[in-house]
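Q: I am new to this structure and would like a close look at a single part of it, the packing of its helices and what surrounds that packing. Please take me through it slowly and explain each term as it comes up.

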Amino acid sequence: MKTVLITGANRGIGWEVARKLSRADYFVYLASRDREAGEQAAEALRTEGRDNISPVVLDVTDAKSIEGAVQTVTGRSGSLDALVNNAGILGNHPEDGPIPVEEIERVFDTNLFGVIRVTRAFLPLLRKSPAPRIVNVTSELGSLALQSDPQWMYGRFKSEAYPPSKAALNMYTIVLAAELEEEPFKVNTVSPGYTATAFNNYRGTKKPEDAAAVIARYATLDDDGPTGGFFAEEGKVPW
């Protein structure tokens with residue numbers, strides 16, 4: 001049975017990705033910062049008849065927490081076939097005035113540096129898989145091309161925190177894919193689209209299960225699948 005670890009998987013899109021991949025017979029490490037929330041999320045999947053779920057405590061901003069998660073996966077599976085870097089935060093936006101630099105740093109610490117920490121920590125386990133896959137969950141708000149288009153429907157959302165953090169994540173994905181191009185990795189950044197979850201106070205045009213299907217697709221790519229790309233449901237997204 002293949003294995004996957006999904007960060008921020010106790011609710012929303014992450015939980016739906018866990019649900020979808022468990023149904024595809026992956027053993028799912030359902031990672032969340034809060035132990036109780038993770039256990040409840042795993043139990044919700046077990047009530048649907050899935051026993052291939054293991055909750056894992058993992059805070060992407062805490063190196064010790066990440067190392068504990070690595071030890072858990074190592075002890076149980078010894079390798080990892082897919083990593084879905086889903087955990088992310090929008091950040092707090094004051095009604096008036098600029099976003100404090102400390103808040104921008106907090107957003108980057110989760111959305112960019114958290115992904116780098118987790119990926120580096122799990123690379124040794126991923127390298128033990130014959131076909132490792134990494135999906136970095138991003139947003140089209142991080143597309144420089146789209147944000148530069150005055151006609152783009154979401155172009156009004158400009159922020160010094162969230163979109164730049166996702167643009168930086170996109171660049172990291174390009175770099176990581178290049179670093180791993182001589183190995184059997186597939187590394188992509190995937191936007192689930194404007195999805196109604198607690199992340200955005202349930203505003204959005206897509207359902208979490210539909211958004212999860214896009215992420216799951218790139219977490220389970222065949223050997224002839226793309227790498228180093230930026231994708232959404234409709235296909236390629238301009239950088």
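A: Helices α4 and α6 pack at an angle of about 20°, with their axes 8 Å apart; the axes are lines fitted to C-alpha atoms, for helices over the stretch in contact, and angles run from 0 to 180 degrees between N-to-C directions. The two helices, α4 and α6, are therefore roughly parallel to each other, since angles under 35 degrees count as roughly parallel, over 145 as roughly antiparallel, 65 to 115 as roughly perpendicular and the rest as oblique. Helices (H or I, at least four residues) and strands (E, at least two) are DSSP runs, numbered from the N terminus. This is a predicted model, in which local features need pLDDT of at least 70 and side-chain atom pairs count only at pLDDT 80 or more, while totals for chains, interfaces and linings use all residues. Residues are numbered from 1 along each chain as its sequence is written, and side-chain values use heavy atoms, with hydrogens and water left out.

The way α4 passes α6 is a right-handed crossing, a crossing being right-handed if the near helix is turned clockwise from the far one by less than a right angle, and left-handed if anticlockwise. On the α4 side the residues that meet α6 include Val107, Phe108, Leu112 and Ile116, and among their partners in α6 are Tyr162, Lys166, Leu169 and Leu176, where contact means heavy atoms within 4.5 Å. By class, this contact of α4 with α6 has eleven nonpolar, three polar and one charged residues; Ala, Val, Leu, Ile, Met, Phe, Trp, Tyr, Cys and Pro count as nonpolar, Asp, Glu, Lys and Arg as charged, and the others, Gly among them, as polar.

Helix α4 also packs with α3, at an angle of about 25° and with the axes 10 Å apart, and α3 and α4 are therefore roughly parallel to each other. Here too the crossing, in which α3 passes α4, is right-handed. Ile66, Ala69, Val70, Val73 and Thr74 in α3 meet Arg117, Val118, Ala121, Phe122 and Leu125 in α4, and the residues of this contact divide into eight nonpolar, one polar and one charged.

These helices also share a nonpolar core, which is a set of buried Ala, Val, Leu, Ile, Met, Phe, Trp, Tyr and Cys residues joined through side-chain atoms within 4.5 Å; buried means under 20% relative accessible area, exposed over 50%, partly exposed in between (1.4 Å probe, protein chains only). The largest such core has 36 residues, and those with the most contacts inside it are Leu5, Leu58, Leu80, Phe122, Leu126 and Ile134. At least two residues of this core come from each of β2 (27-32), α3 (63-76), α4 (101-126) and α6 (162-179), and α4 gives the most, with eleven residues. Leu80 touches residues that include Leu5, Tyr29, Val73, Phe122 and Leu126, not counting residues up to four places away in sequence.

Beside α3 there is also Val57, found in strand β3 (residues 53-57). At 28% relative accessibility, Val57 counts as partly exposed, and Val57 touches Ser32, Arg33, Arg35, Ser65 and Ala69, not counting residues up to four places away in sequence. Val57 and Arg35 are 22 residues apart in sequence but 5.6 Å apart in space, C-alpha to C-alpha.
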